[in-house]
Amino acid sequence: MNHVAAIQMTSGPDVEANLERAAELIADATTAGAGLVLLPECFAALGAKALASVAAAEYDGRGPIRRFLAEQARLHGIWLLGGSIPLPRQADGKARASCLVVDPAGEEVARYDKLHLFDVEVADGHRSYRESKDYQHGDQPVCVDTPVGRVGLSICYDVRFPELYQQLCRDGAGLIVVPSAFTRVTGAAHWEVLLRARAIENQCYVLAANQSGQHPGGRETFGHSCLIDPWGEIVDLLAEGEGIVCGAIDPQHIQNIRERMPVARHRRFAVADQVVPAAKES
Ligand SMILES: NC(=O)CCC(=O)C(=O)O
C-alpha cells in the first residue's frame with residue numbers, strides 16, 4: 001500500500017478518448033501494486049479549445065471527469081490524483097487549473113489550484129504560452145494526508161518556485177507530486193535538474209507525471225515522468241511514450257536523511273530575508 005505510480009500520457013482534445021486511455025494506465029498502475037496514482041496535468045483535455053467546455057461541464061461537480069476520477073478510485077480502491085482539470089470556483093465562476101485528490105471511497109478530499117501560471121515564450125517554434133488567458137491562479141498551498149504519508153500538491157511550472165516546496169515540507173509533506181505538461185524544449189534543459197533539486201533541498205520524495213510526445217495542434221511535451229527519492233536519486237523514470245513509473249515511499253528513508261543532515265533545522269529564514277547593502281570598506 002506504500003507503492004505510488006505516475007502516469008505518462010499523450011493527451012489530446014478528445015475527453016472520452018483521454019479518459020479511456022487513462023483508465024487502461026490506471027489499471028496497469030494498480031496491477032503493479034500502486035495504492036496512490038498520479039495523472040498528468042491536462043490528462044483529460046489538452047488543447048486550449050477544449051478547456052472552456054470542460055470547465056463548464058465540471059462546474060457543478062457532475063461532469064464526466066470528476067465522475068471518472070471517483071469511479072476509478074472506487075473501482076481499484078486507490079487514492080487518485082487528477083493532475084489538473086479546468087475547474088471554476090464557486091466564488092467567482094472563473095476556472096482554475098485544479099488538482100483533485102480522490103480517496104478510495106470516491107470522495108474528493110482535497111483540491112489544489114495551480115499557483116504559478118505559465119505565461120512564457122518558449123523557443124519551440126517561438127510558441128507563446130498564456131495560461132492566464134484561461135485560468136485564474138490559485139492562492140494557497142495544499143497538503144493532504146494519505147496512507148503513504150502527507151502529500152504536498154503542486155503543478156508543473158510551480159516546480160520553478162522552491163519556496164512553495166519548502167512551505168509544503170514545513171507543513172509535513174514527505175512526498176510532493178508534480179503533475180505536468182512540461183514542454184519538450186524547457187524539459188530537455190531543466191526538468192530533471194528542477195525535480196531533483198526540489199527533492200534534495202527538502203529531503204522528500206518527488207513524484208512527477210508528465211505529458212509526452214506530439215499533441216494535436218503542434219505542442220510537444222518532454223515525458224521523463226519519474227519518482228525521485230529524498231536523496232535525489234531517480235527510483236524510476238519513463239523517457240518517452242505512454243506508460244507508468246512506480247516505486248515505494250519509505251518514511252524511514254526520509255527520516256534517516258533528515259536526521260543525518262538536518263537542513264530544515266539549519267535553515268536561517270530570518271537571515272535570508274534580510275539582504276543589506278554591502279558596507280563600504282573604510
Ligand atoms: N504547463 C506548464 O506549466 C509548463 C511548464 C514548463 O514547461 C516549464 O518549462 O516550466
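**Entry 1: two helices in contact**

I count two residues as being in contact if their C-beta atoms, placed from the backbone, lie within 7 Å. I also note at the outset that what I am looking at is a predicted model.

With that cut-off in hand, I looked up which residues of helix H5 meet helix H6, and I found Pro162, Tyr165, Gln166 and Cys169 on the H5 side, facing Arg198, Glu201 and Asn202 on the H6 side. Sorted by class, this contact of H5 with H6 holds three nonpolar, two polar and two charged residues.

I then turned to the geometry, since two packed helices are described by the angle between their axes and the distance between the axes. H5 covers residues 162-170 and H6 covers residues 184-202, and I noted that they pack at an angle of about 40°, with their axes 10 Å apart. The pair is therefore described as H5 lying oblique to H6. The crossing in which H5 passes H6 is right-handed.

**Entry 2: the sheet that H6 packs on**

Next I traced an open sheet of six strands, whose order I wrote down as S8-S9-S10-S11-S14-S15, and whose pairing is mixed. At its edges I found strand S8 (143-146) and S15, each of which pairs on one side only. From one strand to the next, the twist averages 20°.

Where does H6 touch this sheet? I found that H6 packs on the sheet by touching S10, strand S11 (205-210) and S14, and that its direction makes about 155° with that of S11.

Two pairs of strands I followed separately. Strand S9 (residues 149-153) and strand S10 (residues 175-180) are paired in the parallel sense over three bridges, and within this pair I located Leu153, whose bridge partner in S10 is Val177. Strand S14 (residues 225-228) and strand S15 (residues 234-238), by contrast, run antiparallel and are joined by four bridges. Here Ile228 stands opposite Ile234 in S15. I also saw that S14 and S15 form a hairpin with five residues between them, and that Gly232 in the turn has a positive phi of about 90°.

**Entry 3: the other sheet**

I went on to another open sheet of six strands, with the order S5-S4-S3-S2-S1-S16 and, once more, mixed pairing. Its edge strands are S5 (108-113) and S16 (243-248), each pairing on one side only. Ignoring direction, neighbouring strands of this sheet are turned by 25° against each other on average.

To see one pair in detail, I followed strand S1 (residues 3-8) and strand S2 (residues 36-38), which pair in the parallel sense over three bridges. In this pair, Ala6 stands opposite Leu38 in S2.

**Entry 4: helices H1 and H3**

I asked myself which strands helix H1 (residues 15-31) lies across. The strands are S1, S2 and S16, and H1 runs at about 150° to S1. Helix H3 (residues 64-76) lies across strand S3 (79-88) and strand S4 (95-102), running at about 170° to S3.

I then looked at H1 and H3 as a pair, and noted that their axes come within 11 Å and cross at roughly 20°. An angle under 35 degrees counts as roughly parallel, so H1 and H3 are roughly parallel to each other. The crossing of H1 past H3 is right-handed. On the H1 side I listed Val15, Leu19, Ala23, Ile26 and Thr30, which meet Pro64, Ile65, Phe68, Gln72 and His76 in H3. By class, this contact of H1 with H3 has seven nonpolar, three polar and no charged residues.

**Entry 5: around the ligand**

Last, I looked up which residues surround the ligand, and wrote down Glu41, Phe118, Cys156, Tyr157, Arg160, Ala181, Phe182, Thr183 and Thr186. I sorted this shell by class as well, and it divides into five nonpolar, two polar and two charged residues.

Key
Residues are numbered from 1 along each chain as its sequence is written. This is a predicted model: local features need pLDDT of at least 70, side-chain atom pairs count only at pLDDT 80 or more; totals for chains, interfaces and linings use all residues. Two strands pair if DSSP finds at least two bridges between them. Axes are lines fitted to C-alpha atoms, for helices over the stretch in contact, and angles run from 0 to 180 degrees between N-to-C directions. A residue is near a molecule or strand if its C-beta atom, placed from the backbone, lies within 6 Å of it. Ala, Val, Leu, Ile, Met, Phe, Trp, Tyr, Cys and Pro count as nonpolar, Asp, Glu, Lys and Arg as charged, and the others, Gly among them, as polar. Angles under 35 degrees count as roughly parallel, over 145 as roughly antiparallel, 65 to 115 as roughly perpendicular and the rest as oblique. A crossing is left-handed if the near helix is turned anticlockwise from the far one by less than a right angle, and right-handed if clockwise.
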